[in-house]
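Reader: I should like a close look at one part of this model, namely a helix and the helices that pack against it. Please describe the arrangement in formal terms.

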Amino acid sequence: MPSSLVLPDASAAPSLLTEVPGPRSRSIHERRMRTVARGVGSILPVYITHAEGPWVTDVDGNRFLDLGSGIGVTTIGHGNPAAIAAAAAQLEQVTHTLFTVTPYEGYVRLAERLAEKTPGDHEKRSVFVNSGAEAVENAVKIARRHTGRRAVAALDHAFHGRTNLTLAMNHKATYGTGFGPFAPDIHRVPNSYPYRDGLTGAQAAQRTIAHLEQRIGTADLAALIAEPIQGEGGFVVPADGYLPALQEWCTRNGVVFIADEIQTGLGRTGTWFASEHFGVVPDLVLTAKGIAAGLPLAGVTGRAEIMDAPDPGGLGGTFGGNPVSIAAALSVFDELDRGDFFAEALRIGARLQDHLAALASRHPLIGDVRGIGAMYAFELSDPDTSLPAAGAASAIAAYAAQHGILLLTAGSDSNVIRFLPTLTTTDDQIDIAMDVIDRALTTLG
């Protein structure tokens with residue numbers, strides 16, 4: 001713990017009443033194994049009954065500090081009262097009509113809010129769907145229709161979803177093993193990974209662009225998609241100047257630049273969208289996860305001339321832009337507008353940075369610390385070889401779970417611990433979690 005920090009309030013600590021998982025969770029898990037498909041895995045088989053703020057409580061009464069927020073979904077806290085009230089009020093009015101049959105104003109209002117908040121002052125349009133992967137799929141459709149081109153480029157270490165098209169765009173083979181053949185005309189290109197490649201932003205961009213031009217060509221390239229900070233890839237923060245150089249190249253060559261802000265957007269990094277940190281104005285911006293405080297919703301927002309390329313009926317879906325999810329999303333925008341959530345994200349980021357820097361000074365296993373706002377990570381590497389430390393991240397996450405802290409792993413080599421805490425997480429709670437991680441690292445030597 002950094003010397004400038006005081007001891008945390010004990011009331012901020014997790015509360016474990018049984019072993020983890022407890023007897024009731026184990027009983028439910030036995031039933032699950034008989035009825036739920038094996039491919040639906042769980043990081044930790046504890047079964048949750050209640051969640052509030054940064055806490056989740058399981059069927060055995062164990063209370064865990066959730067530093068993953070459902071992989072970045074409950075950004076403004078589990079059970080946010082405003083989002084619950086908005087969704088409940090909408091439930092009493094209309095649950096479904098299908099916007100493409102009989103529309104409703106909430107859909108229009110949310111499109112207006114996204115036009116206001118996404119980077120750039122150009123005219124914008126939006127379409128709403130159910131999930132992040134659907135947002136990616138629709139962005140690709142729109143880009144292809146607008147450009148009349150077929151090819152799509154994604155960056156190394158990217159993760160964009162679990163549909164057939166998005167599996168082809170992912171870097172990590174694990175997600176796609178045995179599910180092919182995959183969608184054609186998808187290409188992966190080198191990204192900027194400062195810890196691993198040591199390149200400046202200009203150098204990394206030159207490498208990426210050379211690959212785009214030499215291996216794919218511009219004549220049939222519809223879009224380049226990039227996460228401003230890569231999520232599943234290990235919270236890779238690109239070197240300064242990298243993303244603006246890619247955007248400039250895309251603009252010169254008529255390629256649609258898509259920012260996948262599904263994990264990075266809506267206050268997570270202390271701004272509305274992470275693209276703002278890098279001075280990038282994407283052609284299309286993808287949102288999901290935190291947009292509706294836990295209800296299923298995703299969107300594609302972008303330049304009007306690009307978004308309007310598909311003919312009427314070319315975009316849509318039965319549940320896309322469901323009225324209840326839309327109502328929750330509008331409340332999220334209201335909360336972010338009037339609250340201190342952006343400042344809280346930066347506070348959390350500063351606290352994590354201080355702690356993780358101190359841990360890195362004591363534990364050579366930590367090779368890199370990186371992130372922005374409430375999106376931070378540390379990468380574990382063999383101190384002698386700098387190669388990824390196999391198994392270390394999963395061991396730390398397992399140790400933390402046994403002490404009431406829920407952590408997520410990440411990275412193409414599964415050697416990264418990532419933090420996506422709710423923006424309601426206090427300094428004391430972070431301090432307690434870091435003490436547990438310190439002890440976990442000590443057990444690894």
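Author: The following account takes one helix and considers its two partners in turn. The model is a predicted one. The helix in question is α14, which spans residues 427-444.

Consider α12 to begin with, a helix of residues 341-362. The axes of α12 and α14 lie 11 Å apart and form an angle of about 20 degrees. An angle under 35 degrees counts as roughly parallel, and α12 is therefore described as roughly parallel to α14. Their crossing is right-handed. On the α12 side, the contact is made by R347, I348, R351, L352, H355, L356, L359 and R362. These meet D427, I430, D431, M434, I437, D438 and L441 of α14. By class, the residues of this contact comprise 8 nonpolar, 1 polar and 6 charged.

The other partner is α13, formed by residues 392-401. Here the axes are 9 Å apart, and the packing angle is about 130 degrees. The two helices are therefore oblique to each other. In passing α14, α13 makes a right-handed crossing. From α13, the residues A392, A395, I396, Y399 and A400 take part. Their counterparts in α14 are V436, I437, R439, A440, L441, T443 and L444. This contact consists of 10 nonpolar residues, 1 polar and 1 charged.

Two residues of α14 deserve a separate remark. I437 and L441 belong to the contact with α12, and I437 and L441 also belong to the contact with α13.

Key
Residues are numbered from 1 along each chain as its sequence is written. This is a predicted model: local features need pLDDT of at least 70, side-chain atom pairs count only at pLDDT 80 or more; totals for chains, interfaces and linings use all residues. Side-chain values use heavy atoms; hydrogens and water are left out. Axes are lines fitted to C-alpha atoms, for helices over the stretch in contact, and angles run from 0 to 180 degrees between N-to-C directions. Helices (H or I, at least four residues) and strands (E, at least two) are DSSP runs, numbered from the N terminus. Angles under 35 degrees count as roughly parallel, over 145 as roughly antiparallel, 65 to 115 as roughly perpendicular and the rest as oblique. A crossing is left-handed if the near helix is turned anticlockwise from the far one by less than a right angle, and right-handed if clockwise. Contact means heavy atoms within 4.5 Å. Ala, Val, Leu, Ile, Met, Phe, Trp, Tyr, Cys and Pro count as nonpolar, Asp, Glu, Lys and Arg as charged, and the others, Gly among them, as polar.
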